[in-house]
Every structure is written in structure tokens, then in C-alpha cells.
Amino acid sequence: MSSRRPSPFDADAAQDRIAAVVRRIPLGCVATYGDVAAAAGLPGRARMVGRYLGAVDGVDALPWHRVIAAGGRIALPDGSASRTTQLRRLMAEGVTLTGSGRVDLARHRWQRGVLAPVLD
DNA sequence: GCGATGACAACGC
DNA sequence: CGCGTTGCCATCG
């Protein structure tokens, strides 16, 4: 017992927490890498979230498409298959985009337990 | 041990 | 609104 933090950083544990957070993002909502990292208890490690999501590569059990970059921007490069899949899945869930293909954060941003009601 | 890289973020111009 | 710079942190050669 004693220490909950045996090492300065446990990749396995962090990965597990990140997965748990991503898994609980409600359908039709999105969260930024920074939000997910913070919700997973890893403030400032937004990069690690991206690295992890890229590592799972193909795990349907994880709604990775609901995780986006700051400002509602899609982190994946334009023209990539992953990006297309992400956008298609988001739209399938009713997520709306603004102007230049950005997710409307004001409408769909997920905040730990606070759902953003879809205004009509 | 160190420099380079990356599904990031914030700031400045 | 696009682009470059800086900060942050873990992984890789």
C-alpha cells in the first residue's frame, strides 16, 4: 500500500485511465486531448493522449473519434483515412461542424458530467 | 545519456 | 485565419 505512485509515471496505469475516460464520453459529445488528459488525472499530458490513441489503432471498443484537438480541430491530417472515418462517425452521432470542418465545441464539448444539451 | 519526434496547447504576429 | 515559436512530456534511435 502505501504509495499509490510507485514510480513517477506508469504508462500502463495512465493508458488505462485514458481509455476509461474516452470510453465514458457520451455519444454525440466530444472532448479535447487536454480535457481527456485532465479528466484522466494527467494534466498537461495532452500529447500522451494522442500518442496512446494512435497506439490502439483499430480498437472499436474505444470511441477515439470523440477525441479532438483544441478549438474543435481534427488532429488527423487531411486526406488520411482515419480523419475521414472520424468525421463520418461524428456526423453519424449528430455532431455538427462549423466553418472549415471544425467541431462545434460550444455545442458538443463534453465536460466531466456536464452534458452539453443539443440546442435546436 | 542525448537529440529528434509526435492524433497537443497556448501565444504572438 | 494561417503560420511560427515555445512549453510539456513520453518514446525512440
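Which kind of base atom of DNA strand B lies 3.4 Å from a backbone N or O atom of Gly 54? The partner is a base nitrogen. Welcome to this predicted model, where helix α3 is a good place to begin: with six residues, α3 gives the most to the surface near DNA strand B.

**Helix α3, inside and out**
- Helix α3 covers residues 46-56, and its buried residues are Val 49, Tyr 52, Leu 53 and Val 56.
- Those buried residues line one face of the helix, because they fall within an arc of 100° when seen down the axis of α3.
- Turn to the other side of α3 and you will find Arg 47, Arg 51, Gly 54 and Ala 55 exposed.
- The cover over the buried residues of α3 includes α1 (11-23), α2 (33-39) and β2 (67-68).
- Just after the helix comes Asp 57, with a positive phi of about 25°.

**The surface near DNA strand B**
- DNA strand B is surrounded by 14 residues, and the closest are Tyr 33, Arg 47, Gly 54, Trp 64 and Ala 70.
- Eight of the residues of this surface are nonpolar, four are polar and two are charged.
- Both α2 and α3 supply at least two residues each.
- Sugar or phosphate accounts for 37% of the strand B atoms within 4 Å of the protein, and the rest belong to bases.

**Individual contacts with the strand**
- Arg 47, exposed on α3, has a polar side-chain atom 2.4 Å from a base nitrogen of DNA strand B.
- Gly 34 has a backbone N or O atom 3.5 Å from a phosphate oxygen of DNA strand B.

Definitions and conventions: Residues are numbered from 1 along each chain as its sequence is written. Chains are lettered from A and ligands numbered from 1 in the order in which they are written. This is a predicted model: local features need pLDDT of at least 70, side-chain atom pairs count only at pLDDT 80 or more; totals for chains, interfaces and linings use all residues. Side-chain values use heavy atoms; hydrogens and water are left out. Buried means under 20% relative accessible area, exposed over 50%, partly exposed in between (1.4 Å probe, protein chains only). Helices (H or I, at least four residues) and strands (E, at least two) are DSSP runs, numbered from the N terminus. The arc is that of the directions from the helix axis to the C-beta atoms. Contact means heavy atoms within 4.5 Å. A residue is near a molecule or strand if one of its heavy atoms lies within 4 Å of it. A polar contact is a pair of N or O atoms within 3.5 Å; within protein, one must be able to donate a hydrogen and the other to accept it, and residues adjacent in sequence count only if both atoms are side-chain atoms. Ala, Val, Leu, Ile, Met, Phe, Trp, Tyr, Cys and Pro count as nonpolar, Asp, Glu, Lys and Arg as charged, and the others, Gly among them, as polar.
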